[in-house]
Each structure stands twice: as structure tokens, then as C-alpha cells.
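Student: Could you take me through one part of this structure closely, beginning with the cysteines? I would like to see how that part sits beside the rest of the fold.

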Amino acid sequence: RIDAKEPVEDVANIAMLLNGEQKRNEPRPLVQNLDTLPFPEYGPDDHYIWDRDADGLIPMTMELLQKHLALGPISTIKGTVTYQTLATRGCPHRCAYCCNDVLQELYSGQKHLRRRSDGNVILELKQARERYPFISGVGFSDDSFFVASNDSIAQFARLYRQEINLPFFCLGSPVTISGPKMDALLDAGMYGLQMGVQTGSRRIQDIYNRNISNKKVLEAVNLLNQYKDRMVPPSFDFIIDSPWETSDDLIETLQLVRQFPRPYRLQLFSLVIFPETHLYNLARDEGLLDPSGEMKLEYHDRKASYVNLVLGAYRHNIPKPVLDFFSHPAMVKLLHRDSLNRLYRLAYSFGKWLNRKILRRR
């Protein structure tokens with residue numbers, strides 16, 4: 001429209017200032033056939049990247065692309081150079097803290113969860129391997145790669161093993177993981193997965209609109225433990241620093257984690273409340289936002305509190321009786337106090353310093 005010098009005021013999916021007034025058009029319909037979309041463009045031609053060593057934005061090269069893909073969080077799990085992509089768009093859940101809460105509201109009445117055809121995904125990966133021969137692994141960053149049926153997963157796994165045969169990593173949720181899917185994907189080269197748990201408190205689960213019971217979580221955790229000899233320890237995600245959590249809620253979370261069989265990786269993410277989500281509206285209505293209506297935007301900015309330190313300790317090979325002692329409800333009631341957070345901040349800083357020392361020696 002712009003190139004043809006035609007009006008743009010009625011173009012769907014755009015917003016503009018029109019005579020000093022904000023105008024926001026209706027969104028375009030969701031693309032239902034994902035196979036019609038182009039593959040992700042990683043470069044390097046006409047791409048730039050901020051490079052820490054160069055301390056600036058510099059033109060992308062194949063060498064830089066390889067370097068930064070190798071530094072990605074999935075790559076570091078197994079020491080691969082990981083190419084990340086999506087086989088699906090959307091999510092089967094609608095958690096109140098997540099962007100999918102807003103997206104499902106925005107596209108209400110449309111099919112939100114969509115999946116590419118197996119052939120389309122395989123073609124992308126084939127082209128990526130040809131273009132970037134240094135790729136040695138694949139990361140499926142779908143919100144829930146496991147949402148497909150057992151038969152669909154088995155069919156994809158067979159094709160992936162035949163055509164790609166690279167180690168890969170993916171994400172799942174407690175209600176979508178199953179034994180048949182695990183068997184098929186591990187046979188195809190899956191070496192690890194990440195699963196969201198978020199909280200062990202029934203009350204906080206309700207606030208988060210995350211209707212997955214602890215019983216279902218433990219069933220999934222115990223199922224994954226049956227495959228511990230065939231993959232790296234699974235990663236379990238938890239949301240911490242929620243302003244709605246009480247000591248009782250935190251105790252429920254600790255009691256859930258206590259039941260997880262080792263080995264596993266625990267990932268702790270400080271709650272970030274995205275604008276327009278149901279959780280944001282709840283925080284605004286309860287006066288939990290600052291006067292600007294903003295909250296922190298960094299999920300690694302964890303508070304130094306007693307329960308956070310104990311949860312952090314579960315990520316290390318500390319004897320279980322020690323963790324049981326510090327997770328006991330009486331200890332939480334006694335020591336989880338804001339007045340002691342300065343002491344815990346010192347302990348947290350010391351732990352980070354000690355960890356860096358150990359890593360340097362290795």
C-alpha cells in the first residue's frame with residue numbers, strides 16, 4: 001500500500017497515529033497452515049549481532065553464528081551447537097502469567113494450537129544442516145512439543161531418525177508426556193527435556209490458572225525418572241517470588257520437590273508479570289504494581305529469601321536428609337522472614353562466589 005501510495009488506515013494488524021489519535025486495527029486471522037510460512041532466517045548475510053567480546057553490534061559471520069549458537073542454554077547441556085526451531089505454535093494451556101493468555105484472548109474463537117507437517121519440519125532441518133554444517137543438535141522450543149498424539153509423535157520420530165538423526169531437546173508439560181512418546185523420541189535421538197511445574201501450592205495453581213495437580217506432576221516426574229539411563233537429567237521449572245505466596249504455599253512447593261527422585265535439574269525463575277495477562281490485571285486490582293504500572297522484567301533477578309535458598313540447594317547433590325531438615329514446615333515458619341533476607345543475601349553471594357571458584361578449578 002505504501003509503495004503504491006495507497007491509504008493504509010484500514011490495513012488489519014497495524015496501529016497508527018491518525019490526526020493525533022491512536023488507531024488500532026483488528027488483528028489479521030491466525031495462519032492455520034504453518035507450512036505456508038518461510039523457515040527462520042539465521043543469516044549470516046545482512047544480519048548483525050551484539051557480541052560480548054567485541055563489545056558492540058557487528059556484522060554476522062558463519063564463525064560468529066557458530067560461536068553464539070554454541071553458547072545457547074540448550075547447547076551447553078550436551079555441548080552441541082544447537083539449531084532451535086518450532087514444530088508448533090500455540091499452547092494447550094492458558095496460564096494466567098503467560099503470553100499465551102493474551103494471545104488466546106486476542107485471537108478468541110480461532111484455532112490457537114497449530115502444528116506444522118512432519119515433512120515441512122524435516123525439510124527445514126535438512127536445509128539448515130546443509131547451510132550450517134557445524135550444527136550438531138536441534139532444540140524444539142515449542143511451548144509443549146509433546147501435545148501431539150502418541151501416533152503422531154511416533155510417526156515424526158521415525159522420519160526424524162531416518163532423515164536428520166541429530167540429538168535433540170524439547171519441552172513438555174505434565175499432562176502431555178507419556179511412555180509411548182518418550183520411547184519413540186528417545187529412540188529418535190532425544191537426549192533431554194524441560195517440564196514446567198511452577199508451584200506445588202493448590203491455591204497458587206488456581207491463581208495461575210494452571211490446573212495440573214501435584215499427583216499428575218509426580219506421575220510425570222516418576223515416568224521421566226524411569227528413563228534416567230537414556231537421557232540427561234530432566235529440567236523442572238519453578239516460578240518463585242510470587243507476591244501471592246504465603247509460607248503455607250511455599251511449604252507445599254517444598255514438599256512436592258522433596259518427592260522428586262534424583263537426578264534432575266531445577267530451574268528457578270522469578271515471576272515477571274506481563275502486561276494484559278490475567279495475572280497483571282489481578283496485581284493491578286490488588287495494588288501490587290508500582291505507580292507506573294510496571295514490574296521487573298528480569299526473571300533471573302531472584303530474591304534472596306530462605307525458601308529460595310533451600311530450593312536452590314535442591315539443584316545440588318546435597319544429601320537428602322539435610323534438605324529434608326531445611327524443608328521441614330517448622331523451619332520454613334521459623335526462618336522464612338523478610339527481616340532475615342539481608343543474611344540470606346550474603347549467603348547467596350557467598351554461594352555464587354564459591355561456585356565460580358569451583359568452576360575455575362575445573
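Tutor: C95 is buried, at 7% relative accessible area. Here buried means under 20% relative accessible area, exposed means over 50%, and partly exposed is what lies in between, with a 1.4 Å probe and protein chains only. Bear in mind that this is a predicted model, where local features need pLDDT of at least 70 and side-chain atom pairs count only at pLDDT 80 or more, while totals for chains, interfaces and linings use all residues. Residues are numbered from 1 along each chain as its sequence is written, and side-chain values use heavy atoms, with hydrogens and water left out.

What is the closest cysteine sulfur to that of C95? It belongs to C98, and at 6.3 Å it is too far for a bond. A disulfide is a pair of cysteine sulfur atoms within 2.5 Å, and by this rule the count is zero disulfides. C98 is in no disulfide either, with the nearest cysteine sulfur, that of C99, lying 4.1 Å away.

Next to these cysteines in the sequence is a charged pair. The side chains of R94 and D101 meet in a salt bridge, at 3.1 Å from N to O; the term stands for a side-chain nitrogen of Lys or Arg within 4 Å of a carboxyl oxygen of Asp or Glu. R94 is partly exposed at 27% relative accessibility, whereas D101 is buried at 3%.

Now for the packing. A nonpolar core is a set of buried Ala, Val, Leu, Ile, Met, Phe, Trp, Tyr and Cys residues joined through side-chain atoms within 4.5 Å. The largest one has 72 residues, and F140, Y160, M182, F236 and F260 have the most contacts inside it. Apart from this core lies another, of 14 residues, and that is where C95 and C98 belong, along with I239 and L271 among others.

Back in the largest core, the largest share, six residues, comes from helix α8, residues 214–225. Helices and strands here are DSSP runs (H or I, at least four residues, for helices; E, at least two, for strands), numbered from the N terminus. V217 sits in α8 and is buried, at 3% relative accessibility. Contact means heavy atoms within 4.5 Å; leaving aside neighbours within four places in sequence, V217 is in contact with P174, M195, V197, I212, L256 and F260. F236 also touches M195, V197 and F260, and its other partners include V221, L224 and Y264, not counting residues up to four places away in sequence.

Helix α8 has a charged pair as well: K215 forms a salt bridge with E219, the closest N and O atoms being 2.8 Å apart. The two are four residues apart in α8, so about one helical turn separates them. K215 is exposed, at 61% relative accessible area, and E219 is partly exposed, at 38%. Elsewhere, D51, D53 and K67 are joined into one network by salt bridges that share partners.

How many salt bridges does a search of the whole structure find? It finds 17. One of particular reach joins R131 and E41, with 3.3 Å between the closest N and O atoms. R131 lies in helix α4 (residues 118–131) and E41 in the loop between β2 and β3, so the pair ties together parts that are 90 residues apart in sequence. R131 is partly exposed at 37%, and E41 is partly exposed too, at 46%.

The backbone deserves a look too. Most residues other than glycine have a negative phi, and most peptide bonds are trans. Against that background, a cis peptide bond joins G43 and P44, with omega about 15°, and P44 is in the loop between β2 (21–24) and β3 (48–51). Another cis peptide bond joins R262 and P263, with omega about 5°; P263 is in the loop between α9 (247–258) and β12 (265–270). D55 is not a glycine, yet its phi is positive, at about 55°. D55 lies in the loop between β3 and β4 and is exposed, with a relative accessible area of 61%.
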